[in-house]
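Please go through this protein with me by question and answer. I would like each answer to show its reasoning before it settles on a value or a name.

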Amino acid sequence: MPEKTYELSMLYTKVPIELLKKIATNVMAQFSLKVTDPINFKIPDNIKPNLSQQYDASQLIHYIKDKMKTRAIWVIPYDLTLPNRNFVFGSALYYNCCVLSTSRLNELEIYKEAIHEVGHVLGLKHCNLPCIMALSKVATQISLKHQLCDRCKEELKSHKINDTGQV
Ligand SMILES: [Zn+2]
Ligand SMILES: [Zn+2]
């Protein structure tokens, strides 16, 4: 059975359009997805950053989960965090949506982490191989991963992934 093609909405807040287009190109090269043209999206007034000017990634993804009818990636320039973490590059809800911060990453790292988060949106879990789905807590770990491993590619095709929750 061929991989199903999904539409992924590309949302952004104050990120250059050229960068968003390159993110979309990289994501579409990896997955069977149609990424929409970038949609300018505002962080609602009731979602505030913490004292270190970091946004809670959970709040952002739950906000777009309720707002969007399609799967979505939201790219923002602000730093992100989650409970018990100093910062995160991004976060995702399986089969739903993800948020990605460009604040700590160079361009190549942004593409890799975008693919990583979209991988979660397609149901992929963290992988313990040198694979784009390996968890990166710091930027140096991103340089060790380049693409999806064969096992993750097989999982995508199998349609057997049915995790729920946030990662
Ligand atoms: Zn992850
Ligand atoms: Zn893998």
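Q: What share of the residues in the protein is buried?
A: This is a predicted model, so burial is judged here from computed positions. A residue counts as buried if 20 or more other C-beta atoms lie within 10 Å of its own. Of the 167 residues in the protein, the buried share is 38%.

Q: In what order do the helices and strands of the protein run from the N terminus?
A: The protein has five helices and eight strands. From the N terminus on, their order is β-α-β-β-β-α-β-β-β-β-α-α-α.

Q: What is the radius of gyration of the protein, and what does the globule rule give for 167 residues?
A: Along the principal axes, the C-alpha atoms fill a box of roughly 45 × 35 × 30 Å. The protein is as compact as a globular protein of its length, because its radius of gyration is close to the value from the globule rule for 167 residues. The radius of gyration is 15 Å, and the rule gives 15 Å.

Q: Among contacts between residues at least 6 apart in sequence, what percentage joins residues at least 24 apart?
A: Two residues are in contact if their C-beta atoms lie within 7 Å. Among the contacts between residues at least 6 apart in sequence, those joining residues at least 24 apart make up 64%.

Q: Which residues of helix α1 are buried?
A: Helix α1 covers residues 17-30 and reaches 20 Å from its first C-alpha to its last, close to the 20 Å expected. On one side, Glu 18, Thr 25 and Ala 29 are exposed. The other side holds the buried residues, which are Leu 20, Ile 23, Ala 24, Val 27 and Gln 30. They lie on the same side of α1 because the arc they cover around the axis is only 130°.

Q: Which elements are among those that cover the buried residues of α1?
A: The cover includes strands and a helix. Among them are β1 (6-12), β2 (33-35), β5 (71-76) and α3 (107-121).

Q: Which residue in β2 is the bridge partner of Leu 8?
A: Strand β1 is largely enclosed by the rest of the structure, because five of its seven residues are buried. β1 and β2 run parallel and are joined by three bridges. The partner of Leu 8 in β2 is Val 35.

Q: Which residues have the most contacts inside the largest nonpolar core?
A: In soluble globular proteins, nonpolar side chains tend to be buried together. The largest nonpolar core here has 46 residues. Helix α3 gives the most to this core, with six residues. The residues with the most contacts inside the core are Ile 73, Trp 74 and Val 118.

Q: Leaving aside neighbours within four places in sequence, which residues are in contact with Val 118?
A: Val 118 is one of the residues with the most contacts inside the largest nonpolar core. With its neighbours within four places in sequence left aside, the contacts of Val 118 are Leu 8, Val 27, Phe 31, Ile 73 and Cys 98.

Q: Which residue in the hairpin of β7 and β8 takes a positive phi?
A: In β7 (residues 90-93), Gly 90 and Ala 92 point one way, Ser 91 and Leu 93 point the other way, and all are buried. β7 pairs with β8 (residues 97-101) in the antiparallel sense over four bridges, and Leu 93 stands opposite Cys 97. Three residues lie between the strands of the hairpin, and the one with a phi near 60° is Tyr 95.

Q: What is the phi of Lys 14?
A: Most residues other than glycine have a negative phi. Lys 14 is in the loop between β1 and α1 and counts as partly exposed, because 13 C-beta neighbours lie inside 10 Å. Lys 14 is not a glycine, yet its phi is positive, at about 55°.

Q: Is Gln 53 buried or exposed?
A: Gln 53 sits in the loop between β3 (39-40) and β4 (54-56), and its phi is positive, near 65°. A residue is exposed if 12 or fewer other C-beta atoms lie within 10 Å of its own. Gln 53 has 9 such atoms, so it is exposed.

Q: Which residues of helix α5 are buried?
A: On one side of α5, Asp 150, Glu 154, Lys 157 and Ser 158 are exposed. The buried residues of α5 (residues 150-158) are Cys 152, Glu 155 and Leu 156. They share a side of α5 because they cover an arc of only 100° around the axis.

How values were computed:
Residues numbered from 1 in each chain as written. Chains lettered and ligands numbered in written order. Predicted model: local features only at pLDDT ≥ 70, side-chain atom pairs only at ≥ 80, totals over all residues. Helix = DSSP H or I, 4+ residues; strand = E, 2+ residues; numbered from the N terminus. Rg over C-alpha atoms; globule rule 2.2 N^0.38 Å. Expected span 1.5 Å × (residues − 1). Arc of directions from axis to C-beta. Pairing = 2+ DSSP bridges. Core = buried A, V, L, I, M, F, W, Y, C linked by C-beta atoms within 7 Å.
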